[in-house]
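The following exercises concern a pocket and a pair of packed helices. Please work through each solution step by step.

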Amino acid sequence: MSTTGATADPLAALGALPGVAESVESVRKAVDRVYGHRIMRRRSNEITSEAALRAARGSAALSGADWALEEVRRRTDFGTDDEARVMGAALRLTAEAGQLLSIWRQSPLRVLARLHLVAAASDESRVGRPRQAGEAVDEPLVELPLPDAREVSGRLDGLADLIIAGSSAPALVTAAVVHGELLALRPFASHNGLVARAAERIVLIGSGLDPKAICPAEVGHAEQGRAEYLAALDGYVSGTPEGMAAWIAHCGRAVEFGARESTAVCEALQRGAA
């Protein structure tokens, strides 16, 4: 996303694209419904914990580790093979995201570096910093052209400036742009998809749209399928108004699916308590 131009608030300009207001309103209604569920008054911590587990499972699925939810619950060793390591990284990121909310608005690049450190769980020199010229990227599921290191640095700085400056744009728009920009740039040597979805999570929680983290967008991204996810990302990368609006709408549907998932959890808990 270009962060330069005549408008002082480019995120707000995206919020004015055709169809985006409808997506924002639909998301708000879906979130309000689950927050208004009677079980939330007594057992919101359980809903949050279950949503976190399902969020990690959904994010990992999009990065190649498509495990059944019960397998995620059962496993304790996440270092035995590539899929297990992806799942372990997703679980760590979901847990870490909530600890970084207070830092995000002041230092988003510091938060992104921390997310990569947590995901990679390695002391390699390439971990926790944007990639440098000539460094390869291990992100096989995203096959878009890879921006060079100079472009990555400039666009990350631009994204950070937007976050720090604040915006009147709806939380959904900001979250979608953060997610899309990180996927487009793939700024780290690895784990960029997981980091991008964790950053989206931070925006949705920290903005107040989903303060209890019970509407996991990661679930909805996975439920819509990898092909649709990547097709929507193509729209973001195109930079056209139609493409950007389609990506924001995709992210909106992901939040709605996450809200629906937690509503089903609420209903199951209510039936068990009856």
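**Exercise 1.** Determine which residues lie nearest the centre of the largest pocket, and how its lining is composed.

*Solution.* Step 1. Of the 24 residues that line the largest pocket, Arg85, Val86, Asp138, Ser190 and His191 lie nearest its centre. A pocket is an open set of points on a 1 Å grid over the protein atoms alone, where a 1.4 Å probe fits, with protein on both sides within 12 Å along at least five of seven lines; lining residues have an atom within 4 Å of a point.

Step 2. Helix 5 (82-97) and helix 7 (108-120) are the elements giving two or more residues to this lining. Helix 5 supplies the largest share, five residues. Helices are DSSP runs (H or I, at least four residues), numbered from the N terminus.

Step 3. By class, the lining has ten nonpolar, six polar and eight charged residues. Here Ala, Val, Leu, Ile, Met, Phe, Trp, Tyr, Cys and Pro count as nonpolar, Asp, Glu, Lys and Arg as charged, and the others, Gly among them, as polar.

The model is predicted: local features need pLDDT of at least 70, side-chain atom pairs count only at pLDDT 80 or more, and totals for chains, interfaces and linings use all residues. Residues are numbered from 1 along each chain as its sequence is written, and side-chain values use heavy atoms, with hydrogens and water left out.

**Exercise 2.** State how helix 9 and helix 10 are oriented to each other.

*Solution.* Step 1. Helix 9 (residues 171-185) packs against helix 10 (residues 192-206) at about 165°, and their axes are 8 Å apart. Axes are lines fitted to C-alpha atoms over the stretch in contact, and angles run from 0 to 180 degrees between N-to-C directions.

Step 2. The two helices are therefore roughly antiparallel (an angle over 145 degrees).

Terms used: Parallel < 35°, antiparallel > 145°, perpendicular 65-115°, else oblique.
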